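These notes are meant to be read beside the coordinates. They go from one pair of strands to the whole chain, then to single residues.

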Amino acid sequence: MQEKKKLYIKTWGCQMNVYDSHRMADLMVPLGYEQVDAPDDADMIVLNTCHIREKATDKVFSELGRLREHKDRKEDKGDKCLMVLTGCVAQAKGKIITDRAPYVDIVLGSQSYYKLPEIVAAHTKKRIINTDFPTISKFDFLPEEHQGQGVSAFLAIQEGCDRFCSYCVVPYTRGGEYSRTVVEIMDEAKTLIDSGAQEITLLGQNVNAYHGQGPDGKHWTLAQLFEALAKMEDLKRIRYTTSYPSDVNDDLINAHRDIDKLMPYIHLPVQSGSDSILKAMNRKHTAQEYLQTIEKLRTARPDIAVSGDFIVGFPGETDQDFEDTIEVIKEVQYASAYSFKFSPRPGTPAASMENSVPESIKNERLQTLQAVLRAQQERFNKTMIGKTLPVLLDRKGRIAGQLHGRTPYNQAMHIQTDEENYGKIIYVMINDAHLNSLQGII
């Protein structure tokens, strides 16, 4: 019997990275690797990185330094420990990282990680760097079987982006838009469901630009894909992220109206409420067009929860530009949101823009914006008090006898209940609400 080897994966960033990490673990099963929760005595350490936020590369170096201790201890015993770097930082900064951290054995870009088993199997002491964009899809090489993601699973349907927002590295680290075929997606969904998934979140850098080939030979929309997935009896819930405003079409809006399994929640980043800043960001929509899209969604599905992303302090942002953003936030009334200070990503057009906003003003604006968003999120959560909501219990809580779950509106819940309720959708009466979670009783 083949002796199991320990595989430790540290993941940063978006849900696409989480999905990629699951698939890397799947890839390594035939080579005898079993994923573990800690790096101690690991035979392979994988860092799956994100390049979106400020100082991402520095954070990777810091983690590499910490994990090197585990590698050194392993190798001091005469055993082998491979250090692997993948993801968007690897794609963008692979050569720089190996120059500064020569103990990294393998660097694989976002589109090349499917080669990990063959590289590991043939690995010698020579460092390997592969950050090419292959001409064929990595999905063609991923195994059909999953180790299982649990009750709530991710499924990548689209990757890359053709939008080229001036601040974003995704087109450079993930490449252009690519949509998987409907047959591939349905097959993977069935595998996930057979492994216990009741909720599937469809992933893409620009997920609502999906245009994969259907079994009829035509390009399908995301709404058509929802319809097909909704017919899978044991799939109870469908989610998706992240969407681009100008790609929200009537079919997608009507899907929220017509498909019960599609959760009443959409993550729809606007980034700024100022048309001049949106133009500088190379966003393909105005603030008014974004608001009209929100209005259409709420007409179709009045209870839909909306979340968003915001960047403050973009080069050239004036006080009025910032106020315009606050006005959009007040009009939309977000259920949740992510917000960040602008930080230049090397190689993007925004990195060389003039009229940078002083750090002190960025900080002040971010605090003001986040205060408004926090108040909206808490207000939205409190509207749930007294309601009874179906909650999918998808993991154990931090204390004994507690399970964690999410409402249809993507709100977190912690419930005291028997462990036998894990993996079930139960109805919970909400009796209290906080900024980041709800409380309830069965």
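1. How many bridges join strand 13 to strand 14, and do these strands run parallel or antiparallel? The two strands, residues 305-312 and residues 336-341, run parallel and are joined by six bridges. Within this pairing, V312 stands opposite K341 of strand 14. The model is a predicted one, and every point below should be read on that basis.

2. The connection between these strands goes through helix 11, residues 319-332. Taken together, strand 13, helix 11 and strand 14 form a β-α-β unit of right-handed sense.

3. Strand 14 is followed by a loop that leads to helix 12 (359-382), and P344 is found in that loop. P344 has a relative accessibility of 40%, so it counts as partly exposed. Its C-alpha lies 9.2 Å from that of F314, with the two positions 30 residues apart in sequence numbering.

4. For the chain as a whole, the secondary structure comprises twelve helices and 19 strands. The radius of gyration is 22 Å; a compact globule of 442 residues would have a value near 22 Å, so the chain agrees with that expectation. Along the principal axes, the C-alpha atoms fill a box of roughly 60 × 55 × 50 Å.

5. Of the 442 residues, 54% are buried. Among contacts with a separation of 6 or more, 72% are between residues 24 or more positions apart. The exposed surface of the chain is about 20000 Å², of which carbon and sulfur atoms supply 48%.

6. Which residues have the most contacts inside the largest nonpolar core? They are L202, L225, F226, Y290 and Y334, in a core of 54 residues. A second core, separate from it, has 18 residues, including L64, L85, V89 and Y103. In soluble globular proteins, nonpolar side chains tend to be buried together.

7. Y290 can be followed further. Apart from neighbours within four places in sequence, Y290 contacts P245, L268, P269, V270, H285, V306, V328, V332 and Y334. One of these partners, Y334, is also listed with Y290 among the residues with the most contacts inside the largest core.

8. Is N17, in helix 1 (residues 15-28), buried or exposed? N17 has a relative accessibility of 1%, so it counts as buried; the cut-off for that class is under 20%. Not counting residues up to four places away in sequence, N17 touches T11, W12, N48, T49, C50 and R174.

9. Backbone geometry deserves a check at three places. Most residues other than glycine have a negative phi, and most peptide bonds are trans. The bond joining T241 and T242 is cis, with omega about 0 degrees. T242 belongs to the loop between strand 11 (237-241) and helix 8 (250-258).

10. D41 is not a glycine, yet its phi is positive, at about 60 degrees. D41 lies in the loop between strand 2 (33-36) and strand 3 (44-49). The relative accessible area of D41 is 35%, so D41 is partly exposed.

11. N410 also has a positive phi, near 70 degrees, in a residue other than glycine. The loop between strand 16 (402-406) and strand 17 (412-416) holds N410. With a relative accessible area of 25%, N410 is partly exposed.

Methods:
Residues are numbered from 1 along each chain as its sequence is written. This is a predicted model: local features need pLDDT of at least 70, side-chain atom pairs count only at pLDDT 80 or more; totals for chains, interfaces and linings use all residues. Side-chain values use heavy atoms; hydrogens and water are left out. Two strands pair if DSSP finds at least two bridges between them. Helices (H or I, at least four residues) and strands (E, at least two) are DSSP runs, numbered from the N terminus. A crossover is right-handed if, with the strands pointing away from the viewer, the path from the first strand over the helix to the second runs clockwise. The radius of gyration is taken over C-alpha atoms; the globule rule is 2.2 Å times the number of residues to the power 0.38. Buried means under 20% relative accessible area, exposed over 50%, partly exposed in between (1.4 Å probe, protein chains only). Contact means heavy atoms within 4.5 Å. Accessible areas come from the Shrake-Rupley method with a 1.4 Å probe; for residues, only the protein chains shown count as cover. A nonpolar core is a set of buried Ala, Val, Leu, Ile, Met, Phe, Trp, Tyr and Cys residues joined through side-chain atoms within 4.5 Å.
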